[in-house]
Number of protein chains: 2
Amino acid sequence: MLIVQKFGGTSVGDLDRIQNVANRVSASLKEGNQVVVVVSAMSGETNKLVGFAEHFSKNPRRADMDMLLSSGERVTSALLSIALNEMGHKAMSMSGRNAGVVTDNSHTKARIESIDPSIMKKALSDGNVIVIAGFQGVSEEGVVTTLGRGGSDLSAVAIAGSLEADLCEIYTDVDGIYTTDPRIEPHARKLEKISYDEMLELASLGAKVLQNRSVELAKKLDVNLVTRSSFSDAEGTLITKEENIMEQPLVSGIALDRNQARVSLVGIADRPGIASDIFNRLATQSVNVDMIIQNVGRDGHANLSFTVPMNELADAKSVINEFQEADEVDLADYDDTICKVSIVGVGMRSHTGVAALAFATMANENINIVMISTSEIKVSMVVEEKYAELSVRSLHSAYKLDS
Amino acid sequence: MLIVQKFGGTSVGDLDRIQNVANRVSASLKEGNQVVVVVSAMSGETNKLVGFAEHFSKNPRRADMDMLLSSGERVTSALLSIALNEMGHKAMSMSGRNAGVVTDNSHTKARIESIDPSIMKKALSDGNVIVIAGFQGVSEEGVVTTLGRGGSDLSAVAIAGSLEADLCEIYTDVDGIYTTDPRIEPHARKLEKISYDEMLELASLGAKVLQNRSVELAKKLDVNLVTRSSFSDAEGTLITKEENIMEQPLVSGIALDRNQARVSLVGIADRPGIASDIFNRLATQSVNVDMIIQNVGRDGHANLSFTVPMNELADAKSVINEFQEADEVDLADYDDTICKVSIVGVGMRSHTGVAALAFATMANENINIVMISTSEIKVSMVVEEKYAELSVRSLHSAYKLDS
């Protein structure tokens, strides 16, 4: 098999851990695999460099930041290659540029535009294990760029796609994707497989293991992604196409997002486009609106509720104040003691009654559902925050996720 | 003026010192100069990275070492560019590759093959101050290389040559070239100017400020080199063509090399090629032979003396032992309590009696000269080490270097 293995900052956090990664790569090579390794900077290194830059400027030139920050991954790739060579493997380090990663020129948050895998393919066919500095590429102008948060994962997925690798393993400090947060529900179970779409929903609902950019790219490039721990030998979770998952459960996981606040507007002026105005104004202020519910009250005036991230509530309030001062909104009510509980599963597409079971479960526990929103593979419910854990555990049990 | 300014590891050793360098570059820009800066890694950084590599391997792959070590200069170039931008200048960092530095592929000790100055020229004409990561280039294969010890000086000189800069300033922690070591002779005087050839002799005789590779390259490319301190505003020493130095003194400086040992062979077999055999064998063992004196004794057998660096004496001994065991050398005498005192000056070319004054001075102080060797612009004398300081001070005074 051709495997791309990506190790994050914690996994390469010190010299012993780098040796540990070398041992793991070595084991994979000895099983007869071809391996391409993608590494992050040693944990703490990037923050140290950012601190250095901030010493000089609050707003450093972004191309300089890329020159600065890209050095951390280069160090790790060189050290891991040295360790692998010492173990008798034929290893070589490569920068993002050497690996053929071309990006646009949005420094510090560049997007990968193309990968020319020819140098990597040549190195692999010469029997090398390649150790690539993740998080970075080079612009058309030949200047080093970085990919922003989660950039090394993106590098790994894009490289796996360009090489048509059999597997892209993302090593972190957690050993896979769970049916729900094990700190809330001790019976949470690690999933063997999950589809891209379910992973995307879970990630956007608060599961922190993978960023959506990486999952989206894996889906687009048809890359089989495995997330697993670099500190244990436990099998991880395979994130793959729905077709590759034989027995699709109704629900794959329960997500909890505590970082939500509710905004409710009563008595909205009865003129066309008022809702659009409100949401446009919120977007201009970079407020991310999530769930939206609109009703028409008995007096013919519309009522509107929506959720925003907790830390954007102040901005949302000042926008709403403008509309109140213009007499276009009567009353506004804000609540930051709510949370959002979601059930996610592609099985919902083909089965009825999945949402009904969720509502029944909540009713059974006397938990009042404040807002509901559904998508093809997700049901989200806003409840009072005090019911967060109870909601998660009840739903986890109702959908038999612990067995 | 177009000036290349190179700052070594001590000059950029911490964030305050980098700010100090930024201030100095800024001052030069405000005087109306175009400035290209070449930087080393922050002092300690390269050693730290070497230590990391040694943790994994005693003999790391050299291309990996280049990937590793080249990161240090990149960090400094980014930070200095950030500092200069913050001060309102238009600065940009560049890797060796971006600056067009192409080398052979002798990793960790690459030689610069060419510099394409087009990107630098474009950046300069756009009004930028360029901050280049020294010590590094890229091979024809597109892989990063480093230039070995003193590599950042070489980068600076080569870049100055390719840009036809008016001046290449090398900033270190000493403020120029002195007539002799001021720790030995407090009346030592800083030289305003010195020729390339004199500097080459002084450097090879122990003056540590500049490496010969850099001075040779400056001579070849006709680069006016200034060595000065980054910690003071004192004028430095200009190293330039002889023609640029109006009043050439007879002698420019006195050098002292304590790191020498003498080897004397008596009764060498009388066969053709024996001396050649001895020196070939020493060369194979990487023993650097310096001064060589051969005499023919009364019995027709040759006597041979030469000096070697102190730390290569053991290797020299084992070579000589082989010849003694083959009965080709009667007696061998070793002395590591000697030193070499040299007077250097292009004035010797056109004036007679320069060497004679040296010998007279030594005689006057009752210092026995063990060996003598001369070149066009140098007289070197081996004396007992206990006379080292006295020899230097007497010669310094005899040639009126303190006035």
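Helices here are DSSP runs of H or I with at least four residues, strands are DSSP runs of E with at least two, and both are numbered from the N terminus. By that count, Lys400(B) sits in the segment after helix 11 (388-398) of chain B. What you have above is a predicted model, in which local features need pLDDT of at least 70, side-chain atom pairs count only at pLDDT 80 or more, and totals for chains, interfaces and linings use all residues. Residues are numbered from 1 along each chain as its sequence is written, while chains are lettered from A and ligands numbered from 1 in the order in which they are written.

**Chain A overall**

- Chain A has 11 helices and 18 strands.
- Its C-alpha atoms fill a box of roughly 80 × 55 × 30 Å along the principal axes.
- The radius of gyration of chain A is 24 Å, which agrees with the value near 22 Å for a compact globule of 403 residues; it is taken over C-alpha atoms, and the globule rule is 2.2 Å times the number of residues to the power 0.38.
- Of the 403 residues of chain A, 47% count as buried. A residue is buried if 20 or more other C-beta atoms lie within 10 Å of its own, exposed if 12 or fewer, and partly exposed in between, with C-beta atoms placed from the backbone.
- Take the contacts in chain A with a separation of 6 or more: 73% of them involve residues 24 or more positions apart. Two residues are in contact if their C-beta atoms, placed from the backbone, lie within 7 Å.

**Where the chains meet**

- Chain A and chain B each put 30 residues into the contact.
- On the chain B side, helix 2 (45-56), helix 3 (62-86) and strand 3 (91-94) each supply at least two residues.
- Helix 3 of chain B gives the largest share of that side, 15 residues.
- By class, the chain B side splits into 16 nonpolar, 10 polar and four charged residues. Ala, Val, Leu, Ile, Met, Phe, Trp, Tyr, Cys and Pro count as nonpolar, Asp, Glu, Lys and Arg as charged, and the others, Gly among them, as polar.

**A sheet in chain A**

- Six strands of chain A make an open sheet in the order 14-15-13-16-18-17, with antiparallel pairing. Two strands pair if DSSP finds at least two bridges between them.
- Strand 14 (292-296) and strand 17 (369-375) of chain A are the edges, each pairing on one side only.
- Neighbouring strands of this sheet are turned by 25 degrees against each other on average, direction ignored.
- Seven bridges hook strand 16 (residues 329-344) of chain A to the antiparallel strand 18 (residues 378-384) of chain A, and Val344(A) has Lys378(A) in strand 18 as its bridge partner.
- Helix 9 (residues 313-325) of chain A lies across strand 13 (253-268), strand 15 (302-309) and strand 16 of chain A, at about 145 degrees to strand 16. Axes are lines fitted to C-alpha atoms, for helices over the stretch in contact, and angles run from 0 to 180 degrees between N-to-C directions.

**Helix 6 of chain B and its neighbours**

- Helix 6 (residues 196-204) of chain B is mostly covered, with eight of its nine residues buried.
- Those buried residues pack against strand 10 (193-195), helix 7, strand 12 (237-240), strand 13 (253-268), strand 16 (329-344) and strand 18 (378-384) of chain B.
- The axes of helix 6 and helix 7 (residues 212-221) of chain B come within 9 Å and cross at roughly 170 degrees.
- Helix 6 and helix 7 of chain B are therefore roughly antiparallel; angles under 35 degrees count as roughly parallel, over 145 as roughly antiparallel, 65 to 115 as roughly perpendicular and the rest as oblique.
- Among the residues that meet there are Tyr196(B) and Met199(B) from helix 6, and Asn212(B) and Val215(B) from helix 7.
- That helix contact has six nonpolar, two polar and two charged residues.

**A bare strand in chain B**

- Strand 14 (residues 292-296) of chain B is hardly covered: the count of buried residues among its five is zero.
- Five bridges join strand 14 to the antiparallel strand 15 (residues 302-309) of chain B, where Leu304(B) stands opposite Gln294(B).

**Single residues to look at**

- Phe135(A), in the loop between strand 6 (129-133) and strand 7 (136-139) of chain A, has a positive phi near 75 degrees without being a glycine. Phe135(A) is buried, with 32 other C-beta atoms within 10 Å.
- Lys400(B) is another non-glycine with positive phi, near 55 degrees, but Lys400(B) is exposed, with 11 other C-beta atoms within 10 Å.
- Ser397(A) belongs to helix 11 (residues 388-398) of chain A and is 9.5 Å from Glu185(A), C-alpha to C-alpha, though 212 residues away in sequence.
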